[in-house]
Amino acid sequence: MAASEKEARPAWKGKELLKRARALCESFRVTDGDRFRLRDIDPRDTLKLKSADKPRAKEALTWGIDALAEYQDMLYAQDRWSVLLVFQAMDAAGKDGAIKHVMSGVNPQGCQVYSFKAPTSEDLDHDYLWRCARAMPERGRIGIFNRSYYEETLVVRVHPELLTKQKLPPELVNDKIWKHRYDDIHNFERYLGRNGTKVIKFFLHVSKKEQKRRFLERLENPEKNWKFSPTDAQERGHWDEYMEAYEDMIRGTASEGAPWYVVPADNKWFTRLVIAAAVIDALASLGLEYPVVDEARKKGLEAARKLLLGTPKPKRGKAKKK
Ligand code: ATP
Ligand code: MG
């Protein structure tokens with residue numbers, strides 16, 4: 001970024017940007033499941049920002065994206081922590097677009113995205129965390145799960161026939177299975193935290209009405225037809241069951257170490273702003289800094305510099321007559 005561009009963001013620089021990001025995402029963070037109720041979050045909420053504020057919000061997002069790139073650079077250089085961003089949502093809530101926009105400034109080398117579809121037969125031959133554990137971000141990287149192990153408590157709960165396909169010993173399939181899955185996921189995320197992976201989870205909360213509008217747009221616009229699958233309309237028929245499953249899941253798996261962000265998703269510009277703010281907040285909480293070069297390494301660097309510059313040749317002078 002040009003120096004002049006950096007100067008053009010006076011109020012949002014550095015600490016001020018972090019302060020605003022924190023204030024913005026805080027309202028949507030869930031760390032204590034017991035007190036969470038999905039109905040308390042309005043999918044249309046924009047924290048009193050109006051449509052007229054949209055251009056300012058978009059501008060703020062670009063500054064957020066720059067800040068995020070700077071944090072990611074340090075994360076990569078330090079090579080200690082990794083960050084896992086989990087995205088869950090009903091169809092057309094804007095997961096793909098949010099991931100694309102919010103991560104648009106980061107270095108692709110430091111970012112790994114996985115989209116989890118229905119499990120393969122190889123996946124089903126293992127425990128359900130297996131395929132996700134293999135996809136965890138390396139140290140220094142940001143991993144993004146577009147859907148995740150949480151599907152195991154959502155689509156699988158809403159469609160119990162999927163559970164039958166998992167070839168589990170029958171005595172393990174009982175009415176406690178969802179509670180067990182929440183506990184296991186909670187423990188898995190705690191394990192990740194203790195090993196240097198910061199986990200944050202997003203539920204993009206779109207309203208049923210807005211989903212319908214977006215589906216119709218996908219059907220009416222030939223360039224968006226590819227985004228629509230006939231099963232999307234069928235899943236919509238299970239809306240209430242999904243909402244119940246989401247609420248239970250968030251209640252069962254929200255924690256200080258791995259919080260959920262329940263992000264209003266009827267206005268894409270607002271959703272993206274909140275996600276960027278939450279990612280900035282998570283990265284800032286890691287206390288990242290560029291590795292300090294120690295004396296031995298400094299000497300090595302100096303030697304390399306001399307080598308590159310070449311050893312100065314002795315000055316040519318007239319040979320002294322003996
Ligand atoms: P898009 O925005 O492109 O529609 P998507 O994430 O919906 O993205 P799809 O290929 O349409 O991608 O859907 C993936 C499907 O895989 C979803 O219906 C999801 O419920 C299903 N899926 C993901 N994980 C599991 C799982 N563990 N068990 C069963 N189904 C799963
Ligand atoms: Mg889909």
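In which direction, right-handed or left-handed, does α9 pass α12 in their crossing? Keep that question in mind while you find your way around this predicted model, and the tour will return to that pair of helices after a look at the whole chain.

**The whole chain**

Begin with everything displayed, and you will be looking at a chain with 14 helices and six strands, whose C-alpha atoms fill a box of roughly 105 × 55 × 40 Å when the box is taken along the principal axes. If you colour the chain by burial, buried residues should make up 30% of its 322 residues. Among the contacts in the chain with a separation of 6 or more, 85% are accounted for by residues 24 or more positions apart.

**Helices α9 and α12**

Now select residues 177-194, which form α9, together with residues 239-253, which form α12; these helices pack at an angle of about 45 degrees, with their axes 9 Å apart. An angle under 35 degrees would count as roughly parallel and one of 65 to 115 degrees as roughly perpendicular, and α9 and α12 are therefore oblique to each other. As for the opening question, α9 passes α12 in a right-handed crossing. To see how the contact is made, show the side chains of Trp-178, Lys-179, Tyr-182, Ile-185 and His-186 on α9, and then those of Asp-248, Met-249, Gly-252 and Thr-253 on α12. By class, the residues of this contact of α9 with α12 divide into four nonpolar, three polar and two charged.

**Ala-258, just beyond α12**

Follow the chain onward from α12 and select Ala-258, which is found in the loop between α12 and β6 (260-264). Is Ala-258 buried or exposed? Ala-258 counts as buried, because it has 22 C-beta neighbours inside 10 Å. Next, draw a distance from the C-alpha of Ala-258 to that of Arg-190, and you should find 7.5 Å in space between two residues that are 68 apart in sequence. Leaving aside neighbours within four places in sequence, Ala-258 is in contact with Glu-189, Gly-193, Val-199, Ile-200 and Lys-201.

**His-205 in strand β5**

Move to strand β5, residues 197-205, and select His-205, which counts as buried because 25 C-beta neighbours lie inside 10 Å. Beyond its neighbours within four places in sequence, His-205 is in contact with Ile-41, Pro-43, Val-262, Val-263, Pro-264 and Ala-265. Draw another C-alpha to C-alpha distance, this time from His-205 to Arg-141, and you will find that these residues, 64 apart in sequence, are 27 Å apart in space.

**Helix α13 and its two partners**

Select α13, residues 268-284, and add α3; their axes come within 9 Å and cross at roughly 30 degrees, and α3 and α13 are therefore roughly parallel to each other. The crossing of α3 and α13 is left-handed. Among the residues that make the contact are Leu-61, Ile-65, Leu-68 and Leu-75 of α3, along with Phe-270, Leu-273, Val-279 and Leu-283 of α13. The residues of this contact of α3 with α13 divide into 17 nonpolar, one polar and three charged.

Leave α13 selected and replace α3 with α2, residues 14-26, whose axis comes within 8 Å of the axis of α13 and crosses it at roughly 120 degrees. Here too α2 passes α13 in a left-handed crossing. The contact includes Leu-18, Ala-21 and Leu-24 of α2, and Leu-273, Ala-277 and Ile-280 of α13. By class, the contact of α2 with α13 has ten nonpolar, no polar and two charged residues.

**Two loop residues with positive phi**

Most residues other than glycine have a negative phi. Select Leu-47, which is not a glycine and yet has a positive phi of about 50 degrees; Leu-47 lies in the loop between β1 (29-30) and α3 (54-78). Leu-47 is partly exposed, because 13 other C-beta atoms lie within 10 Å. Then select Ala-92, in the loop between β2 (82-89) and α4 (95-102), whose phi is positive at about 65 degrees although Ala-92 is not a glycine. Ala-92 counts as buried, because it has 23 C-beta neighbours inside 10 Å.

**Helix α14, the last stop**

Finish with α14, residues 295-309, a helix of 15 residues that reaches 21 Å from its first C-alpha to its last, close to the 21 Å expected. This helix is hardly covered, for the count of buried residues in α14 is zero. The residue that follows α14 is Gly-310, whose phi is positive, near 85 degrees.

Note on methods: Residues are numbered from 1 along each chain as its sequence is written. Chains are lettered from A and ligands numbered from 1 in the order in which they are written. This is a predicted model: local features need pLDDT of at least 70, side-chain atom pairs count only at pLDDT 80 or more; totals for chains, interfaces and linings use all residues. Helices (H or I, at least four residues) and strands (E, at least two) are DSSP runs, numbered from the N terminus. The expected span of a helix is 1.5 Å times one less than its number of residues. A residue is buried if 20 or more other C-beta atoms lie within 10 Å of its own, exposed if 12 or fewer, and partly exposed in between; C-beta atoms are placed from the backbone. Two residues are in contact if their C-beta atoms, placed from the backbone, lie within 7 Å. Axes are lines fitted to C-alpha atoms, for helices over the stretch in contact, and angles run from 0 to 180 degrees between N-to-C directions. Angles under 35 degrees count as roughly parallel, over 145 as roughly antiparallel, 65 to 115 as roughly perpendicular and the rest as oblique. A crossing is left-handed if the near helix is turned anticlockwise from the far one by less than a right angle, and right-handed if clockwise. Ala, Val, Leu, Ile, Met, Phe, Trp, Tyr, Cys and Pro count as nonpolar, Asp, Glu, Lys and Arg as charged, and the others, Gly among them, as polar.
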